[in-house]
Amino acid sequence: MAIKINDIPPEGLTLELAQKLDLFDKGTDSAEFTAVLRIKPHGGGILHVAGHVQAATTLECSRCLTNFSHKIDTELNVDLAPVGSLGAGAEHELVPGELDIEFYQGDEFEPVEFVREQMLIAVPMVPLHSPECKGLCSVCGQDLNKAECGHQRNGPGEFGAFAALKDLLKK
Ligand SMILES: [Zn+2]
Ligand SMILES: [Zn+2]
């Protein structure tokens with residue numbers, strides 16, 4: 001349900017959302033979230049969004065490919081500006097510690113899409129089901145967390161794609 005930017009009152013608006021969304025574009029709304037967003041117009045089409053997102057998601061371990069549940073609990077503090085409203089140089093003026101700036105297109109704000117982006121930012125780049133995950137055997141694909149297959153493999157910590165990449169770089 002999109003919100004028209006022009007319908008947001010000058011004193012701002014608080015949205016409470018509790019629903020499911022399709023976090024990784026997998027075709028199922030599998031990630032359940034609750035969010036409280038306070039949206040306040042700053043003039044010139046710029047909106048300040050502050051809030052809190054909590055979600056339960058399922059991630060795939062990047063080493064052993066096991067699905068595991070992961071909780072997201074993130075505070076947010078973002079300025080939303082219409083595309084093209086800031087000069088090309090504006091982004092370069094941002095210094096660390098300043099608000100994040102994101103852009104929206106048209107005259108609507110889609111809160112669920114916004115929450116989805118925030119959740120994606122909060123998800124680890126390299127998800128691991130456990131910091132000690134041993135991954136899969138690069139020879140036979142055995143899940144080494146469950147059993148040791150005895151194959152000679154590359155050094156500890158190297159697995160599948162990463163080892164293959166290293167081989168490529170050597171050539
Ligand atoms: Zn794992
Ligand atoms: Zn093996």
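How are the donor residues of the zinc ion (ligand 2) spaced in sequence? I looked this up in what is a predicted model, and I read the spacing as C-x2-C-x8-C-x1-H.

**Entry 1, zinc ion (ligand 2).** I listed the coordinating atoms and found SG of C137, SG of C140, SG of C149 and ND1 of H151, at 1.9 to 2.4 Å from the zinc ion (ligand 2). I then checked the geometry: the four donor atoms subtend angles of 104 to 122°, so I recorded the arrangement as tetrahedral, given that four donors count as such if all angles lie between 85 and 135 degrees. For reference I noted that the ideal angle for four tetrahedral donors is 109.5 degrees.

Next I placed the pair C137 and H151, which are 14 residues apart and link distant parts of the chain, although I found both of them in the loop between helix 1 (111-122) and helix 2 (160-170). For accessibility, I entered C137 as buried because its relative accessibility is 4%, under the 20% cut-off, whereas H151 went down as partly exposed because its relative accessible area is 34%.

**Entry 2, zinc ion (ligand 1).** Here I found the coordinating atoms to be SG of C61, SG of C64, ND1 of H129 and SG of C133, at 2.0 to 2.4 Å. The angles subtended by these four donor atoms run from 104 to 117°, and I therefore marked the arrangement around the zinc ion (ligand 1) as tetrahedral. Along the chain I read the donor spacing as C-x2-C-x64-H-x3-C.

I followed the pair C64 and H129, which links distant parts of the chain, 65 residues apart: C64 sits in the loop between strand 4 (46-60) and strand 5 (67-82), while H129 sits in the loop between helix 1 and helix 2. I logged C64 as buried because its relative accessibility is 6%, and H129 as partly exposed because its value is 33%.

**Entry 3, L80.** Which strand holds L80? I located L80 in strand 5, and I noted it as buried because its relative accessibility is 3%. Leaving aside neighbours within four places in sequence, I listed the residues in contact with L80 as G45, I46, L47, V49, E102, F103, Y104, F109 and F114. For one of these contacts, G45, I also looked up the backbone separation, and the C-alpha atoms of L80 and G45 are separated by 8.3 Å, with the two residues 35 apart along the chain.

Notes: Residues are numbered from 1 along each chain as its sequence is written. Chains are lettered from A and ligands numbered from 1 in the order in which they are written. This is a predicted model: local features need pLDDT of at least 70, side-chain atom pairs count only at pLDDT 80 or more; totals for chains, interfaces and linings use all residues. Side-chain values use heavy atoms; hydrogens and water are left out. Donors are N, O and S atoms within 2.8 Å of the metal (3.2 Å for Na, K and Ca); water is not among the atoms, so sites may look incomplete. Four donors count as tetrahedral if all angles lie between 85 and 135 degrees; four count as square planar and six as octahedral if opposite donors are over 155 degrees apart and all others between 65 and 115; anything else is irregular. Helices (H or I, at least four residues) and strands (E, at least two) are DSSP runs, numbered from the N terminus. Buried means under 20% relative accessible area, exposed over 50%, partly exposed in between (1.4 Å probe, protein chains only). Contact means heavy atoms within 4.5 Å.
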